[in-house]
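Me: Before I build on this model, I'd like to go through the labels people put on it. Can you give me the reasoning behind each one?

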Amino acid sequence: MANDAVWPCPKCQTNMSPGPSVLLRNWHCPACAFDWVSGEALAAFLPTVKAFEKLRSAAASGELPTRMLQCPTCRTRPMRLVRIGGIVIDVCRKCVGVALDPGELNAFKAHGQRRPYAVAADDVITGLDAILHLLTLF
Ligand SMILES: [Zn+2]
Ligand SMILES: [Zn+2]
């Protein structure tokens, strides 16, 4: 997937623009303020394959309901709600991309400040906590 791809917002279909993060490629909707991280970008960034697979299995399970959002990358819909650290995000059931409601990035940042992680300790950062940590880096 090319980095300069133009992807439609999962909620309102407006073309998104690249987000400000230099650590992880993300896209931002100028119309409704949704943020998007592709599954490919997540997989490349996460410290362990296990962390990515855990998010994938959470998205595939039926623990929480789905929401009528369309994945910008693979056009799958609806997306699965997944709870991470008390915050609920939308995850694509096919490619594991993550959609964030307006304001959720700030919620993750606040959470990350309460529970700092040692980035160097890769073996400590596993599972969904790794996703949470990574989302605080936006
Ligand atoms: Zn939008
Ligand atoms: Zn997808």
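**Hairpins, sheet, helix and core**

Reply: Sure, starting with a turn: strand 6 and strand 7 form a hairpin with six residues between them, and Val 96 in that turn has a positive phi of about 65°. Keep in mind that this is a predicted model.

Me: How do you know that strand 6 and strand 7 pair, and in which sense?

Reply: Pairing takes at least two bridges between the strands. Strand 6 and strand 7 have two bridges, in the antiparallel sense, so they count as paired. One of the partnerships puts Asp 90 with Ala 99 in strand 7.

Me: And what makes strand 5 and strand 6 a pair?

Reply: Five bridges join them, and they run antiparallel. Set against the cut-off of at least two bridges, that is a pair, too. Arg 80 has Val 91 of strand 6 as its bridge partner, and Arg 83 stands opposite Val 88 in strand 6. These strands also form a hairpin, with two residues between them. Gly 85 in the turn has a positive phi of about 55°.

Me: What joins strand 4 to strand 5?

Reply: Two bridges, again antiparallel, with strand 4 covering residues 66-67. Arg 67 stands opposite Met 79 in strand 5.

Me: In what order do the strands of the sheet come?

Reply: The order is 1-2-3-7-6-5-4, in an open sheet of seven strands with antiparallel pairing.

Me: Why are strand 1 and strand 4 called edges?

Reply: Each has a single partner strand, so one side of each is left without a neighbour in the sheet. Helix 2, meanwhile, packs on the sheet and touches strand 5 and strand 6. The direction of helix 2 makes about 125° with that of strand 5.

Me: How do you know that the length of helix 2 agrees with what it should span?

Reply: Helix 2 runs over residues 49-60, so it has 12 residues, and at 1.5 Å a residue it should span 16 Å. Its end C-alpha atoms are 16 Å apart, which agrees.

Me: Which residues of helix 2 are buried, and what puts them on the same side?

Reply: The buried ones are Ala 51, Phe 52, Leu 55, Ala 58 and Ala 59. They cover an arc of only 125° around the axis, which puts them on the same side of helix 2. Val 49 and Ser 57, on the other side, are exposed. As a rule, residues three or four places apart in an α-helix point the same way, because there are 3.6 residues a turn.

Me: Why is Leu 100 called buried?

Reply: The cut-off is 20 or more other C-beta atoms within 10 Å. Leu 100 has 23 such neighbours, so it counts as buried. Leu 100 sits in strand 7, and beyond four places in sequence it is in contact with Phe 34, Asp 35, Ile 89 and Leu 105.

Me: Last one: which element gives the largest share of the largest nonpolar core?

Reply: That core has 32 residues, and Leu 55, Val 91 and Val 96 have the most contacts inside it. Elements giving two or more residues to it include strand 5, strand 6, strand 7 and helix 4. The largest share, five residues, comes from helix 2.

Definitions and conventions: Residues numbered from 1 in each chain as written. Chains lettered and ligands numbered in written order. Predicted model: local features only at pLDDT ≥ 70, side-chain atom pairs only at ≥ 80, totals over all residues. Helix = DSSP H or I, 4+ residues; strand = E, 2+ residues; numbered from the N terminus. Buried ≥ 20, exposed ≤ 12 C-beta atoms within 10 Å, placed from the backbone. Contact = placed C-beta atoms within 7 Å. Expected span 1.5 Å × (residues − 1). Arc of directions from axis to C-beta. Core = buried A, V, L, I, M, F, W, Y, C linked by C-beta atoms within 7 Å. Axes fitted to C-alpha atoms, helices over the stretch in contact; angles between N-to-C directions.
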